[in-house]
Amino acid sequence: MHVLGHTDVIRDGSSLDPAASDLKRLRSWTEAERHCQSLGGHLASVHSWKESRFLETLTVGSPLTWIGGNDGGWPELTKDRSWSWTDGSGFNYHEWDEGEPNNYNGVREPCIQMNAGDQHRWNDDVCEKNCASVCSRNH
Ligand SMILES: [Ca+2]
């Protein structure tokens, strides 16, 4: 995983740079994904515990942070409970917080944020909320 904003971050996260995540500029999930695409990447996809812990170290202070996981496929987000990543990689790993994903209060929540709850796991949320975000490029 190459986190954008840093030249050579590798999957084991041996090289860290807090500037790689966009924690101060809050964006909706869609705005965040567009921003990542303008940088030549996508919102980060996560495929292992190790990658997840790496992203956690980047999100200093653990604000709620958009990652590329979404329900129904970018950009339509229409198919309910069919998870994928905006970078097209397989949705083969997750770290849902307890009781998630839940479409809370019956409202559809198609976008995934990390650092949710005490365990810093994942929550599905409405995409319009403004959160921190982290972009990556896989190759
Ligand atoms: Ca939720």
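Leaving aside its neighbours within four places in sequence, which residues is Ser52 in contact with? Select Ser52 to start the tour: it touches Val46, Glu95 and Trp122, where contact means heavy atoms within 4.5 Å. Ser52 sits in helix α2, residues 49–58. With a relative accessibility of 4%, Ser52 counts as buried; buried means under 20% relative accessible area, exposed over 50%, and partly exposed in between, using a 1.4 Å probe and protein chains only.

A word on what you are viewing: this is a predicted model, in which local features need pLDDT of at least 70 and side-chain atom pairs count only at pLDDT 80 or more, while totals for chains, interfaces and linings use all residues. Residues are numbered from 1 along each chain as its sequence is written, and side-chain values use heavy atoms, with hydrogens and water left out.

**The whole chain**

Switch to a cartoon view. You should find 2 helices and 8 strands, in the order β-β-α-β-α-β-β-β-β-β along the sequence. Helices (H or I, at least four residues) and strands (E, at least two) are DSSP runs, numbered from the N terminus. Of the 139 residues in the protein, 47% are buried. Among contacts with a separation of 6 or more, 67% are between residues 24 or more positions apart. Now show the surface: about 6,800 Å² is exposed, and carbon and sulfur atoms supply 49% of that area. Accessible areas come from the Shrake-Rupley method with a 1.4 Å probe; for residues, only the protein chains shown count as cover.

**The calcium ion**

Next, select the calcium ion. Its donors are Glu100 (OE), Asn102 (OD1), Glu109 (OE), Asn123 (OD1) and both O and OD of Asp124, at 2.2 to 2.4 Å. Donors here are N, O and S atoms within 2.8 Å of the metal (3.2 Å for Na, K and Ca); water is not among the atoms, so sites may look incomplete. Because the angles subtended by the 6 donor atoms run from 72 to 144°, the arrangement is irregular. For reference, four donors count as tetrahedral if all angles lie between 85 and 135 degrees; four count as square planar and six as octahedral if opposite donors are over 155 degrees apart and all others between 65 and 115; anything else is irregular.

Along the sequence, the donor residues follow the spacing E-x1-N-x6-E-x13-N-D. Asn102 belongs to the loop between β5 (83–85) and β6 (111–116) and Asp124 to strand β7 (residues 121–125), so this pair ties together parts 22 residues apart in sequence. Colour the two by accessibility: Asn102 is partly exposed at 30%, whereas Asp124 is buried at 0%.

Stay beside Glu100 for a moment. A cis peptide bond joins Glu100 to Pro101, with omega about -5°. Pro101 is in the loop between β5 and β6.

**The aromatic rings**

Now show Trp83, Trp85, Phe91, Tyr93, Trp96 and Trp122, which ring pairs link into a cluster. Rings of Phe, Tyr and Trp (its six-membered ring) pair if their centres lie within 6.5 Å; planes under 30 degrees apart count as stacked, over 60 as edge-to-face and the rest as tilted. The count comes to 7 aromatic pairs. One of them is Trp96 with Trp122, edge-to-face at 6.2 Å centre to centre, with 80° between the planes. This pair links distant parts of the chain, 26 residues apart: Trp96 is in the loop between β5 and β6, and Trp122 is in strand β7. Both Trp96 and Trp122 are buried.

**Two backbone stops**

Which residue in the loop between β4 (65–71) and β5 should you select next? Choose Leu77. Its phi is near 55°, a positive value in a residue other than glycine, and at 12% relative accessibility Leu77 counts as buried. Then move to Asn115 in strand β6, where phi is near 70°, again positive in a residue other than glycine. Asn115 counts as buried too, at 5% relative accessibility.

**Last stop**

Finish at Val126, in the loop between β7 and β8 (131–137). Its C-alpha is 6.2 Å from that of Pro110, 16 residues away along the chain. Beyond neighbours within four places in sequence, Val126 is in contact with Trp66, Val107, Arg108, Glu109 and Pro110.
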